[in-house]
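Let's take a walk through this model together, from the packed interior out to the open spaces and a few backbone details. Keep the viewer open as you read.

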Amino acid sequence: METKIVKVLDYRDPALKEAGAYIKEGKLVAFPTETVYGLGADGLNQEAVENIFRAKGRPSDNPLILHISNRYMLESLVSEIPEEAEKIMKEFWPGPITLIFKRSKIVPDIITAGLDTVAIRMPSSELARSLIELSDTPIAAPSANSSGRPSPTSADHVYQDLKSRVDLIVDGGDTGIGLESTVVDVSGDFPMILRPGGITLEDLRKIDPRTKEDLAIVKKDLVPKSPGQKYRHYAPKADMYLYRGDLGPMTKGIIRDLEFYKGQGLKVGVISTDESLELYKTDFKLSLGKREDLEEVGHNLFSVLRQFDDLDVDIILSESFPYKGLGKAIMNRMEKASGGKLVEES
Ligand code: TXA
Ligand code: MG
C-alpha cells in the first residue's frame, strides 16, 4: 500500500475532508492529537479496526480508545455515565484524559478486547476533533507507533514506523504534550488511574478525593489492571539503564559507568537534562530539557528515545525524575523503556 502524506495547517484545512472520507471508507489514517499521533480507523467498522492491530503488530488482547467529538457519541457508546465521570469530563474534556466506562452494545468486541468496558477520549486538539466530525463516527486510535516503539510525536515518527501500512498520514506538526493521555477507570466505585499522564492524581483528587491509582504503576511485581500496561514499551534498540536517587549521586553514578563502558569500547549514550549535560564526556548525549520543567521533559522524551536509535549507540544511561505530579507519567514511560533496568544510587 502506498502511504500518502498531507500537511494540514489547522482544523479548517480542506485536506481534512479527504482524511474524513478515508475513515468512512474503512481506511487507516494517522493524525495528530494534543498528546501523540494516533493511528485512526472507523471505530464501528470491525474490519477497519482489525487493520489497526495488523499495522501496529498489536496484541489482540489490548483494547483501543474511541475518540469522540461530542456528547451524543459518548451516550451511544456507553451504558452508564456515573456522576464522578460527569465531574471529570466537565473539568478536563476536551483534553488529555481517557475514561473507561461500561460499554454499550454498539461497540465492537474487537475495540474492547472482549472486556465489558470501553475507553473514550475527547481530544482537545481541534484538528483531531474536526477529523472526527468529518468522519461522522468515533475514531478508534492507539498511538501510531509500531507496537513496542516509543509513541510518535511527529508525522515523521509515524512514517518511520508505519510506512506502507497506513493509507494516509495527516501531518499537523509536532504534538504539544508528547505523552499519552491519563487513563482513568470510572466504571467502578471510585475513579482509578490505570495509566499516569499529564492530568495527575493530584489534579483528579481535587475533583474526587477518593481517586486512587493502580498500585501496579509503582509496584513492578503486580499485574496492571490495564492490559496495555503489561507490555514492554517505548523501547529504544539499545539497552537502557535508568539511574535513580538524588541528583548528585545519580549523575556521579552515570559518570562512573559511562567511563567504565567507554573503556570496554562501547558506544555509550546518555539521557541528560540541561543542568547536567556538561558533566558527561560523550558525543552521544541528549538533553530532555530543564529538569524543573517537567512539561518540556514530557514533550521531548519520545523523540529523544528515537534519536538514540539513529545514533546507533550500544547502551543508554539515563537520568530519572521524582515520582511527583507529571514526573509519575514520565517515569512510567522511562521505566518501561528501560525494561525495568534500574540502578539505585545514594
Ligand atoms: O493519548 C492517547 O491516549 C493516545 C492518543 C492517540 O489518543 N492514544 C493511546 O492509545 O495512547 P494506546 O492504544 O496506545 O493506549 C491505550 C491504553 C492501553 O494501555 C490500553 O490497554 C488501555 O488504554 N485501555 C483501552 N481500553 C481499556 C479498557 N476497556 N480497560 C482498561 N484499559 C483500557
Ligand atoms: Mg500506545
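In this predicted model, the largest nonpolar core has 63 residues, and the members that touch the most others are W93, I97, L99, F101, I120 and V170. Another core lies apart from it; this one has 25 residues, including Y234, L242, L305 and M334.

Helix α4, residues 83-92, is a good next stop. Its buried residues are E84, A85, I88, M89 and F92. Why do they sit on the same side of α4? They cover an arc of only 135 degrees around the axis, which puts them there. The spacing behind such a pattern is familiar: an α-helix has 3.6 residues a turn, so residues three or four places apart point the same way. On the other side of α4 you will find E83, K90 and E91, which are exposed. The cover over the buried residues of α4 includes α3 (71-77), β5 (97-102) and α8.

Follow the chain into the loop between α4 and β5 and you reach P94. The peptide bond that leads from W93 to P94 is cis, and its omega is near -5 degrees. That is worth a pause, as most residues other than glycine have a negative phi, and most peptide bonds are trans. Two residues go against the phi part of that rule. A113, in the loop between α5 and β6, is not a glycine, yet has a positive phi of about 55 degrees. With a relative accessible area of 27%, A113 counts as partly exposed. D312 is likewise not a glycine and has a positive phi, here about 60 degrees. You can find D312 in the loop between α10 (294-311) and β15 (315-318), where a relative accessible area of 55% makes this residue exposed.

Now for the empty space. Rolling a probe the size of a water molecule over the atoms shows where empty space is left. The largest pocket has a volume of about 760 Å³ and a lining of 47 residues, with N62, P63, V183, R195 and S226 nearest its centre. By class, that lining has 20 nonpolar, 18 polar and 9 charged residues. Elements that each supply at least two residues to it include β3 (37-42), β4 (65-67), β9 (182-185) and β10 (192-195), while β6 gives the most, with 4 residues.

The second largest pocket holds about 320 Å³ of space. Of its 17 lining residues, A216, K220, Q229, E335 and K336 lie nearest the centre. Its lining divides into 6 nonpolar, 4 polar and 7 charged residues, and α11 supplies the largest share, 3 residues.

What about closed space? There is 1 cavity of 30 Å³ or more, and the largest cavity has about 50 Å³ of space. Among the residues that line it are T182, I193, P196, L201, E213 and K328. By class, the lining has 5 nonpolar, 4 polar and 3 charged residues. Both α8 (201-207) and α11 (326-337) supply at least two residues each.

K328 makes a fitting last stop, and its place is in helix α11. Is K328 buried or exposed? Its relative accessibility is 15%, so K328 counts as buried. Leaving aside neighbours within four places in sequence, K328 is in contact with P196, L201, E213, P322 and Y323.

Notes
Residues numbered from 1 in each chain as written. Chains lettered and ligands numbered in written order. Predicted model: local features only at pLDDT ≥ 70, side-chain atom pairs only at ≥ 80, totals over all residues. Heavy atoms only, no water. 1 Å grid on protein atoms, 1.4 Å probe; cavity = no way out; pocket = protein on both sides within 12 Å on 5 of 7 lines; lining within 4 Å. Points joined across faces, edges and corners; volume = space filled by probe spheres on them. Nonpolar A, V, L, I, M, F, W, Y, C, P; charged D, E, K, R; others polar. Buried < 20%, exposed > 50% of the residue type's maximum accessible area, 1.4 Å probe, protein only. Arc of directions from axis to C-beta. Contact = heavy atoms within 4.5 Å. Core = buried A, V, L, I, M, F, W, Y, C linked by side-chain atoms within 4.5 Å.
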